[in-house]
Amino acid sequence: MWAQIINIVIGLFLMFAPSIWSFDKATSDHHYIVGPLIITNAIIALWEFNRGIRWLNVLIGAWLLVSPFVLGNKGIVATIDIASAILLILFSLFKGSVQHRYGGGWSSLFQKNPVHLKEAAGKEQ
Amino acid sequence: MNLSQMDKKEQIPPAWDYNPSSWGQRMPLIVIAIIGFFIALYMGLFQLEVLDSVWDPFFGDGSRKILTSSVSEALPVPDAILGAFGYLVDAVTGVIGGVHRWKKMPWIVVVFGVAIGPLGMISILLVILQPVLIGAWCTLCLVTAVLSVVMISPAVDEMLASLQYLQRVKRSGHSVWKAFWGKDNIHLLVK
């Protein structure tokens, strides 16, 4: 959970960066798109059974990591994006503890013999 | 185990350790939806020109710029009024049904989850469009966006429990359609 909170802070930082370092319009827009998406994913992934959403932030992190080379950004923008990307990927890889049980989670819906079906069958005896 | 304890255990879906349809789980969502409804209604009343000004402690003229922008007025109805309607649907579908609703009324649980998902998506889209297209920020718009995103996960856990129940109904050979609408007391036959 703390890893997702750090990711929320990274997203907020990316959203504030254009105002702090007065980026140009295109670079600002890039940050105004990426920042809210990171925050949204991190908030959804705060809950244990939706922790899997953190993988979307790994994807966004991967884009952010290569974005200076694709978009031709240099200097402070490239430094901010690459540093944020590395931290975002790192903290998105942390699953954190899962304490509750959710009948096998979302993947159970695609399993042949999910844990909720087994336990329901057990109760009927 | 006494009767009330047995009843409590009966409410918890198999292989779960809490009941996602309990009032303790649903009440915070209903409260957030009602708060969101009033904030959106306030902004909508400004858009309908019932109110002369709109409150914004951080971005000055930002809220007014955004709420009167072409994006906000792209539809026949102001976007905040649609938002208010969305929150109202969230609150009403959050209230309907008892603590067994994940298996007695899967349809309402699914409507609840589906109503909250898109509302969150649209909020985020608007948060992105504000600075990119209009070049402004709006405090209350950001607040409602955060509210709708925070609602997503705690609302869809109930939907997961309902979908797992329907999966068990399908395996048992009963009608998933009837179970979805809570007919024929299938919930008494399938755990």
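Two helices count as roughly antiparallel when the angle between their N-to-C directions is over 145 degrees. This cut-off is needed for one helix pair in the structure above, which is a predicted model.

The pair belongs to chain B and consists of helix H2, residues 23–47, and helix H7. Their axes lie 10 Å apart, and the helices pack at an angle of about 155°. H2(B) and H7(B) are therefore roughly antiparallel to each other. The crossing that they form is left-handed.

The residues through which the two helices meet can be followed on each side. H2(B) contributes, among others, Gln25(B), Leu29(B), Ile32(B), Gly36(B) and Met43(B). From H7(B) come residues including Leu140(B), Thr144(B), Ser148(B), Met151(B) and Pro154(B). Sorted by class, this contact holds 14 nonpolar and 4 polar residues, and no charged residues.

The pair may now be placed within chain B as a whole. The secondary structure of this chain amounts to 9 helices and 0 strands, and along the sequence the pattern reads α-α-α-α-α-α-α-α-α. Taken along the principal axes, the box filled by the C-alpha atoms of chain B is roughly 60 × 30 × 25 Å. Chain B has 191 residues, of which 42% count as buried. Where contacts in chain B link residues at least 6 apart in sequence, 71% of them join residues at least 24 apart.

Chain B also touches chain A. To this contact chain A gives 26 residues and chain B gives 25 residues. On the side of chain B, helix H6 (106–134) and H7 each supply at least two residues. The most comes from H7(B), with 13 residues. By class, the residues on this side of chain B comprise 17 nonpolar, 3 polar and 5 charged.

H7(B) appears once more in the largest nonpolar core, which has 66 residues. Within this core, Ile38(A) and Met151(B) touch the most other members. Helix H7 of chain B, residues 139–172, provides the largest share of the core, 15 residues. Met151(B) is also one of the residues of H7(B) that meet H2(B).

The surroundings of Ile38(A) can be listed in turn. Leaving aside residues up to four places away in sequence, Ile38(A) touches Asn7(A), Ile10(A), Gly11(A) and Leu14(A), together with Asn57(A), Ile60(A) and Leu88(A).

Notes
Residues are numbered from 1 along each chain as its sequence is written. Chains are lettered from A and ligands numbered from 1 in the order in which they are written. This is a predicted model: local features need pLDDT of at least 70, side-chain atom pairs count only at pLDDT 80 or more; totals for chains, interfaces and linings use all residues. A nonpolar core is a set of buried Ala, Val, Leu, Ile, Met, Phe, Trp, Tyr and Cys residues joined through C-beta atoms within 7 Å. A residue is buried if 20 or more other C-beta atoms lie within 10 Å of its own, exposed if 12 or fewer, and partly exposed in between; C-beta atoms are placed from the backbone. Helices (H or I, at least four residues) and strands (E, at least two) are DSSP runs, numbered from the N terminus. Two residues are in contact if their C-beta atoms, placed from the backbone, lie within 7 Å. Ala, Val, Leu, Ile, Met, Phe, Trp, Tyr, Cys and Pro count as nonpolar, Asp, Glu, Lys and Arg as charged, and the others, Gly among them, as polar. Axes are lines fitted to C-alpha atoms, for helices over the stretch in contact, and angles run from 0 to 180 degrees between N-to-C directions. Angles under 35 degrees count as roughly parallel, over 145 as roughly antiparallel, 65 to 115 as roughly perpendicular and the rest as oblique. A crossing is left-handed if the near helix is turned anticlockwise from the far one by less than a right angle, and right-handed if clockwise.
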